[in-house]
Amino acid sequence: MPAPAEIATRLGIAEGELCVRRTYEFLADGKPVQLSTSWEPYAVTGGTLVVLPEGGQHGGAGVVNRMAAIGVTVTHAVVQPEPRHATAKEASLLGIQKAALVTHIRRTYYSDQGRPVETADIVVPAAHCEIVCEIPISRCQADPRQLQNPAPAVPPRAPSVPARAQKPGP
C-alpha cells in the first residue's frame with residue numbers, strides 16, 4: 001500500500017512509496033482493548049520471508065525478531081504517547097463512547113543504521129490502562145578527567161516564600 005505523507009515522514013521514505021500495512025485489534029476477555037496499525041517499508045521486507053508479518057515461519061515473531069531474520073538489527077524504538085479523543089471509528093471498534101479519551105502512541109523501530117524499519121499507531125482507551133515505561137540504564141565508561149574534576153554541583157534554590165506550618169483542618 002502507498003505510504004501516506006505522515007507515515008512516509010516517520011519511515012524516512014517518499015510519500016506514496018510502497019509499504020506493508022497491517023491492522024490489529026487486541027482483545028481481553030473477548031473485548032477490544034487496543035487497536036494498532038503498523039507500516040513497514042516494502043523496500044526493507046519485500047521479497048523476504050518476513051514480508052507478511054503474520055505469515056510464514058516468522059509470522060507473529062514481532063518486529064525485532066522478524067527483522068533479525070533478514071539481517072536487520074533493531075537497536076531502539078521511539079515511543080510518543082499523547083492523549084486525545086477517539087475518532088468515531090476507533091470508538092466503534094473499541095466499544096467506547098465517541099470522543100472518549102484515548103492514549104495514542106506513535107512507535108517507530110530503528111535499525112543499527114538509523115533507518116526506521118517499522119512505525120505504528122497504537123490506540124488504547126485511557127480509562128482501561130496505565131502507560132508505564134521502563135528505561136534500562138547501563139553504566140558507561142566515565143572519562144577519568146571527569147572523575148578527578150567533577151562539574152560543580154548546583155546548589156538547591158532557596159524557596160522564594162518562607163514555608164509556613166499549616167494546621168490540619170477540622
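Q: Ala, Val, Leu, Ile, Met, Phe, Trp, Tyr, Cys and Pro count as nonpolar, Asp, Glu, Lys and Arg as charged, and the others, Gly among them, as polar. On that split, how many residues in the lining of the largest pocket are charged?
A: Keep in mind that this is a predicted model. Sorted by class, the lining of the largest pocket has 6 nonpolar and 5 polar residues. The charged residues in that lining number 8.

Q: What volume does the largest pocket have, and which residues are the closest to its centre?
A: The volume of the largest pocket comes to about 410 Å³. There are 19 residues lining it, and the ones closest to the centre are R21, T23, S36, T37 and K89.

Q: Which elements give two or more residues to the lining of the second largest pocket?
A: This second largest pocket holds about 230 Å³ of space. It is lined by 16 residues, with R22, Y24, G62, V63 and R107 closest to its centre. The elements that supply two or more lining residues are strand 1, strand 2, helix 3 (63–69) and strand 5.

Q: How do the residues lining the second largest pocket divide by class?
A: Run the same kind of sorting on this lining. It divides into 6 nonpolar, 5 polar and 5 charged residues.

Q: In what order do the elements of the protein run from the N terminus on?
A: Zooming out, the protein has 5 helices and 5 strands. Listed from the N terminus on, they run α-β-β-α-α-β-α-β-β-α.

Q: What share of the protein's residues counts as buried?
A: The cut-off for buried is under 20% relative accessible area. Of the 170 residues of the protein, the share that meets it is 29%.

Q: Why is strand 4 (residues 101–111) described as largely enclosed, and how many of its residues are buried?
A: Strand 4 is largely enclosed by the rest of the structure because so many of its 11 residues are buried. The number that count as buried is 9.

Q: How many bridges join strand 4 to strand 3 (residues 74–85), and how many pair strand 4 with strand 5?
A: Strand 3 and strand 4 run antiparallel, with 11 bridges between them; one of the pairs there is A77 with Y109. Strand 4 also pairs with strand 5 in the antiparallel sense, where T108 stands opposite T119. So for strand 3 the count is 11, and for strand 5 it is 9.

Q: Which residue in the turn between strand 4 and strand 5 has a positive phi?
A: The two strands form a hairpin with 4 residues between them. In that turn, the residue with a positive phi, at about 85°, is G114.

Q: Is T119 buried or exposed?
A: T119 sits in strand 5. Its relative accessibility is 0%, and the buried class takes anything under 20%. That makes T119 buried.

Q: Which side chain makes a polar contact with the side chain of T119?
A: A polar atom of the T119 side chain lies 3.1 Å from the backbone oxygen of R107. Among the residues T119 touches are I7, L11, T37, S38 and W39. The side-chain partner, at 2.9 Å, is R10.

Q: Beyond T119, which residue has its side chain joined to that of R10 by a polar contact of 3.0 Å?
A: R10 belongs to helix 1, and with 12% relative accessibility it counts as buried. Its contacts beyond four places in sequence include R106, R107, T108, P116 and A120. The side chain joined to R10 at 3.0 Å is that of D121.

Q: How far apart in space, C-alpha to C-alpha, are L94 and L35?
A: L94 lies in helix 4 and counts as buried at 3% relative accessibility. Among the residues it touches are P32, V33, Q34, V123 and P125. L35 is 59 residues away in sequence, yet the C-alpha to C-alpha distance is 7.7 Å.

Q: What exposure class does V78 fall into?
A: V78 is in strand 3 and touches R106, R107, T108 and Y110. Its C-alpha is 5.6 Å from that of R107, 29 residues apart in sequence. With a relative accessible area of 34%, V78 is partly exposed.

Methods:
Residues numbered from 1 in each chain as written. Predicted model: local features only at pLDDT ≥ 70, side-chain atom pairs only at ≥ 80, totals over all residues. Heavy atoms only, no water. 1 Å grid on protein atoms, 1.4 Å probe; cavity = no way out; pocket = protein on both sides within 12 Å on 5 of 7 lines; lining within 4 Å. Points joined across faces, edges and corners; volume = space filled by probe spheres on them. Buried < 20%, exposed > 50% of the residue type's maximum accessible area, 1.4 Å probe, protein only. Pairing = 2+ DSSP bridges. Polar contact = N/O pair within 3.5 Å; in protein donor to acceptor, adjacent residues only side chain to side chain. Contact = heavy atoms within 4.5 Å.
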